[in-house]
Every structure is written in structure tokens, then in C-alpha cells.
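Trainee: I would like to learn how the labels in a structure are justified. Can we take them one at a time?
Mentor: Yes. Bring a term, and we will set it against its cut-off.

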Amino acid sequence: MASTQSIQNPGGLGSFPSIKTALAVITGVMMLVDLYLIFMVAPTDSVLGHVQRVFYFHVPVAIMSFLAFFVVFLGSLMYLIKRTPKWDAIAHASAEVGVVFVTLALITGIIWARPVWNTWWTWEPRLTTTLILWLIYVAYLMVRSYAPNQSKGAVYAAVMGIVGFVDVPIVYYSVVWWRSIHPSPVVGPFAQADALDGTMALVLLYSFITFLFFFAYMVMERIELRNTEEALGRMRFTLRRSGR
Amino acid sequence: MTAPATEAVQARGIEKSYGEWPVLWNLDLSVPWGQTLVLFGANGAGKTTLLRILATHVRPDEGSIAVAGHNLRTRPDEVRRRIGVVGHRSLLYDDMTCRENLVYYARLFGLKDHKPRVDEVLEKVGLSNRADHRVRTLSNGMQKRAAIARAILHQPDVLLLDEPEGGLDLESVSILGTLLAEWTDAGRSVIMTTHDLDLGLSWGHQAGVLRGGKVHLQDNNDSSGITGSNIRQAVAEALKGC
Amino acid sequence: MKGLLRPVLVIVWKDILLELRSRDLVVSVLVFGLLVVVVFNFALNNAPGRAEQLAPGILWSAFAFSAILAMNRAFVRDQEQGGLEGLLISPVSRDAIFLGKALTSLIFMLLIEAALLPVYAVMLDFSALTFTLVLTIFLGTLGFAVVGTLFSAMAVQTRSREIMLPVLFFPVVLPVIIAAVEASTRAVGGETFVGLGRWLPLIGVFDALFLVICPWVFAYVMEE
């Protein structure tokens, strides 16, 4: 029967336990190796010392959040055009993971900024844009949960997912231009830290791939969770239909 | 060009659910020209949802709707031009007068030379002497009559009435009854929902019960129309099962 | 194009008529706008000589908060007796509904700003009547109205709508605020059109982009 099928496969995305398990194992192993590489293999920065190691988390996490919001944008666009729940599921999952990642990026950024720039916070363009990004996607999640019902929440969120993403480059350039006329009061030795030696670059690259896997795994896990929720809803739905 | 449609309203395979709540499923409906279809149904059976779908306000999940041969999905504005709606809310602005509200809607519908038409519908619902009063100052019954005037303003082919008797006094009910009779005599159609069995059966040409997400039409093969006692019994029976 | 303009004007006429009857939007936002300036004056310790530096920032903070207040009300009257539903079941395109509501908000906000500007100019001691400043205000307010109308239509249906609108609105219009403050600073400083640099084009790009995107997504927001 079609209804049994739809119970197993509510979002139309299919179930992927084997891929997900494989991803979980790979991500876990890669994470452990990454930790080893970051703390045991990568050389200590001559100027900044051990704090510099936060860099191997900070950069991949920040870049992954950009990727996440790009996925949100695509998912939102496709959801409005196609109106199939699977696109909303992808956008929703990606947004939640993206907000976690961008939060981590901000926190690691602050940890980094204190010793390097001698301040917890500076209105530097990348930092400012990241903060605005955080605000936009928190609003994305808020409008989804404050909407009168689930389908409206999905549409409102998709609207924010599109408008917010289109806005990001404008935010970035406005902050960069704004910055160029209001020079930063603190000029840290950022240039020196930028120069990575070979091992550092390799560890960073590895860290990058690790977080890419981590991102994929988290998104899949979130979509599965939503599929389960929807399967439950679908069961109640069929019961209500036949009950009358 | 208007396609020579055999039915005023034709709906096929309508499905609508709100999240996990199914409201309508596999619903078929057709209303011939010049007839009134009266829909009965328990609270929450989906009467209002069905009317809101036909009014183009709510989008069905599945199914197709045609009004006077125009498909809702491909020509929504053609359908909207041919439909008049009286719902639970008046859709009028409290701080504008009856006449201003009607002129506003006439302009939205692009009616040419709307002044005499506005006067005409105000006369029809018996609000001529209140035309320049703000809607806020009118009684509930008068607001409902103003809403009816708004719905018939653009001379739609199909009038959708959701429990129109609510809030109306006896005089207003008889005004509405006369209006509906004229309406169907002129070859236009009406779909209305009501909880008032007597009123519904005296106004309708066809009676249906909305139950289990579908419309169950009650037979009216004999010439007595739907006033016959057999229909009355059938409707009452169908409602009891809910 | 003509088919689009007529319903837009009908909607604007309706909203202006309602505003003339009740006057609850423009007047209350005006009073609020004055309060904001008084508060900022003390909060920022606006001493003589600093005014020209601080004035643009105070100006746009006041305009942005006033915009939020005005936009929060944009759809309230259409909700009361189902006026919005009436619009949606009329043969009027969603683009026309969006543009009508956005134009109304633009007119109301420009009116409010036109009334506030001379008062601000006196209080904060800067010259208001320059072409560049007026142009900046117009472009910035257009951006507020376009984005604000979209988010207001969403916020009015959510729980705690008064909070939802600023949460959605401020992060997105941030570029407009930055650019408008920068352009205004130069305009107040007596720069010509060319002297405003890339700030006006930045607002222009923002306005144009969202004038395309917002009506498109508005149709989905209105769907039931």
C-alpha cells in the first residue's frame, strides 16, 4: 500500500542508516586524528604560542557555517519552487547546524582575538559579518517556530533563508567600506600569524576535511530526526483519516 | 472568451490537511448553474475550509477546481472575478463607511461606472439610509448585510456563503432569502453552509452533508425538490452519524 | 504596467483614508521619533561642536526605530475584519498588494521624517535642506519600506509579533543603516553628490535587489 510506504519514507528523502553510521564512524575517527594532529604534530606558533591552535577549529568551523547557509539558501529556493518537504528538511537541518557552527566560530574567534588583538571583540569586517550572519539565522529559526503552523513556518523560514543569504555580500561590503574609513584601534600581529608553515597548512587542510564530514553527518542526523517526527505525524494522520 | 461550462463549479479530488490534521480528502463537488447547494456538517467537518478553498483563499494540497470553466490554478484572477464570498468576518474596514468600502472593492474588481452599482446593492440589502455611516457604528446584522452587498457587488457567477444566517434578524434573513431566490432565478449559483436545517432546506436546490472529508449529496430525484421529508430525514440521519 | 498601477493606487488610497480617520499611526510615531532624539541627546552627551559628528547617527537611529514602529502597524488594520483576506480574494496580483502596502508605508514614513527633520535640524544643529541629505533619506527609507513590508506581513501572523519584526528586520537592513549614516555624515558636512562616494549606490543596489526579491517571496507568504 502507498500509505505504508509513506510511513517509512515521509520526507521523500529515504532512509540512510548505513551511510549515516559509516559517516559517524569516519567522522569520529577523523576527529580523534585531528585532535592528535592539532596538539601533537602541528608546531607551536613562535609568536602566539599554544593559543594559535584554536585556529584549526576556528577556520574550518567558520567556513563550514558559510557552506551551511549556502545550503539553506538552495534548500529554501527549491522549497518555494517545488513545495516538497524534503527541501525544507534540508534547509532546516542545515540552518540548525549552521547556527551551531557560527556560534562556535564566534566563540573561538573571541578566544583567538584576546591574545592576538589584545581585545575580546573588534568590529573587524569578518567578525562583524559573522555576527550579522548569526543574527540572521537565529531569526530564521525563530520565525519558523513562532509561525502559526508548521507549513507557514517552513515558508517564512524559506523567505528569511533567501533574503538573508542575498543580504550577506551587501553586509560584508558595507562593513569593509565602513572599516576602511574607521581604522581599527587595535592592529594586532595578524600578518605574522597568517604565515603558515607547511605542517600547519596540512593540519589545517585535514581539519577542514574532518569538519566537512562532521557537517554532513550532523545534517543527516538532523534530517533523520525530522523524518522520524514526520513518520509519527503521518501515522497519526492516517489513523485520523480512517477513524472517521 | 468564456468557455461554455456545463457546471458553475466543478471540483475534483480536493485534498487539504493542516499539518497532521486531515480536513478534506478525495472531495468531488459540482454545482449546476442556477442552483443553490446547501452544505450541512458537524463542527470541524471542514465546511469553512471547503468554502475558503473555493474562495481561492486557501490552496488545496491536491485536486482541481473550475469556476465557470476557468481553472483556479491557471487563471486565479478569472475565478476570483466570478466569486463572491460572505464569511464569518465582514472583510470590511471599520473606519470607512459602507459606501467607501464598496467603492474600494468595486475599484479592486475594476468595475467601470461603479457609483450606480454601489447604490443598487446598498438598496438591495436595505442599507441605503446607512450608506454613509462608518461600519464600526453598525449593528452586527447590518455589518453582515454590508458584507453581502460587498459579495454581490461585482455580480459573480457563484456566491459562497458561510453560515450566513448567523447574527441576522428575521427581517434580514428574509431579505437574504429573496436575494438568493432572485440570484438563482437569474441563472447564478450559490454554495452555502448552515446549521439551520429548515432554513437550508427551504433555500437550497440540493443538499449535501460534509462528513469524512467528502460531500455526500442527498438524493432529490422526486419533483418536490429538497423540501420533501425524505431529504430532511436523510440529512438529519447523516448528521447524527458524526 | 497599467494593470499593476491601478490596484496599487486603490490600496494606497484606502490606507491613507483609514489613516486620516484614525490618525493613530503617523501621530504616535512622530511623538516617538521626538522622544528618541531627546533620549539620544542625553545618552550620547551631545555637546556643541560634536553635533555634526553625532547628528547622522542619531537621525538614523530615530528613523530606524520609527520605521519599526510604523511597520508593526502596517498590516494590523488589514487583520481586524479580514481586509487582507478581502484583498487576496480580489482579482489583484500579489505584486500589486505588496507594492501598494510598501508604497503606503513609504509615504507614511517620508511624511513622518519630513516632519521630524526640521525639528532634528534645530535640536542637533545641522543643515537639513540639502539635496544630498534628502536623497539619502529617500533611498534609505525606500529600503526600509520594501524589506519592512515583507517582514511585517510575516511578523503580523506570528506569536509575539512586536518582537519578531525587529528580529527579522534589523540584521537585514544593517547595510542600509551603515550606508545611510555615512552618506548623511558627508551630506551634513556639505559634500556634493559625488562626495558621497559609494554609499548612495550601495543603498540603491540594496533597494533594487529587494524590490525584485520581496514581491516574489511575498506571494508565498500570503498563501494559506
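**Putting labels to the test**

Trainee: What makes Phe169(C) count as buried?
Mentor: Its relative accessibility is 1%. Buried means under 20%, so Phe169(C) earns the label. Keep in mind that this is a predicted model.

Trainee: Why is Phe170(C) called partly exposed?
Mentor: Phe170(C) has 22% relative accessibility. The label covers values between 20% and 50%. Therefore Phe170(C) counts as partly exposed.

Trainee: Why is the pair of Phe169(C) and Phe170(C) called edge-to-face?
Mentor: Take the distance, then the angle. The centres of Phe169(C) and Phe170(C) are 5.7 Å apart, and rings pair if their centres lie within 6.5 Å. The planes of this pair stand at 65°, and over 60 degrees counts as edge-to-face. Both tests are met, so the label holds.

Trainee: Which aromatic cluster do these two residues belong to?
Mentor: Phe169(C) and Phe170(C) sit in one cluster with Trp60(C), Phe63(C), Phe65(C), Tyr120(C) and Phe144(C).

Trainee: How many aromatic pairs are there over all chains?
Mentor: The search of the whole structure finds 26. Tyr172(A) and Tyr173(A) give another case to work through.

Trainee: How do you know that Tyr172(A) and Tyr173(A) are edge-to-face?
Mentor: Their ring centres are 5.6 Å apart, and their planes meet at 80°. The angle cut-off is over 60 degrees, so this pair is edge-to-face.

Trainee: Are those two tyrosines buried, exposed or partly exposed?
Mentor: Tyr172(A) has a relative accessible area of 32%, and Tyr173(A) has 45%. Exposed needs over 50%. Buried needs under 20%. So Tyr172(A) is partly exposed, and Tyr173(A) is partly exposed too.

**Where chain B touches chain A**

Trainee: How many residues are in contact between chain B and chain A?
Mentor: On chain B, 11 residues touch seven residues of chain A. The buried area is about 970 Å², and carbon and sulfur atoms give 49% of that.

Trainee: Which three residues supply the most of what chain B buries?
Mentor: Glu20(B), Pro22(B) and Trp25(B). Together they supply 55% of the area that chain B buries against chain A.

Trainee: How many salt bridges link chain B and chain A?
Mentor: Zero.

Trainee: Which strand gives the most to this side of chain B?
Mentor: S2(B), with four residues. By class, the touching side of chain B has four nonpolar, four polar and three charged residues.

Definitions and conventions. Residues numbered from 1 in each chain as written. Chains lettered and ligands numbered in written order. Predicted model: local features only at pLDDT ≥ 70, side-chain atom pairs only at ≥ 80, totals over all residues. Heavy atoms only, no water. Contact = heavy atoms within 4.5 Å. Buried area = accessible area lost by both parts, 1.4 Å probe. Salt bridge = Lys/Arg side-chain N within 4 Å of Asp/Glu carboxyl O. Helix = DSSP H or I, 4+ residues; strand = E, 2+ residues; numbered from the N terminus. Nonpolar A, V, L, I, M, F, W, Y, C, P; charged D, E, K, R; others polar. Phe/Tyr/Trp six-rings, centres within 6.5 Å; stacked < 30°, edge-to-face > 60°. Buried < 20%, exposed > 50% of the residue type's maximum accessible area, 1.4 Å probe, protein only.
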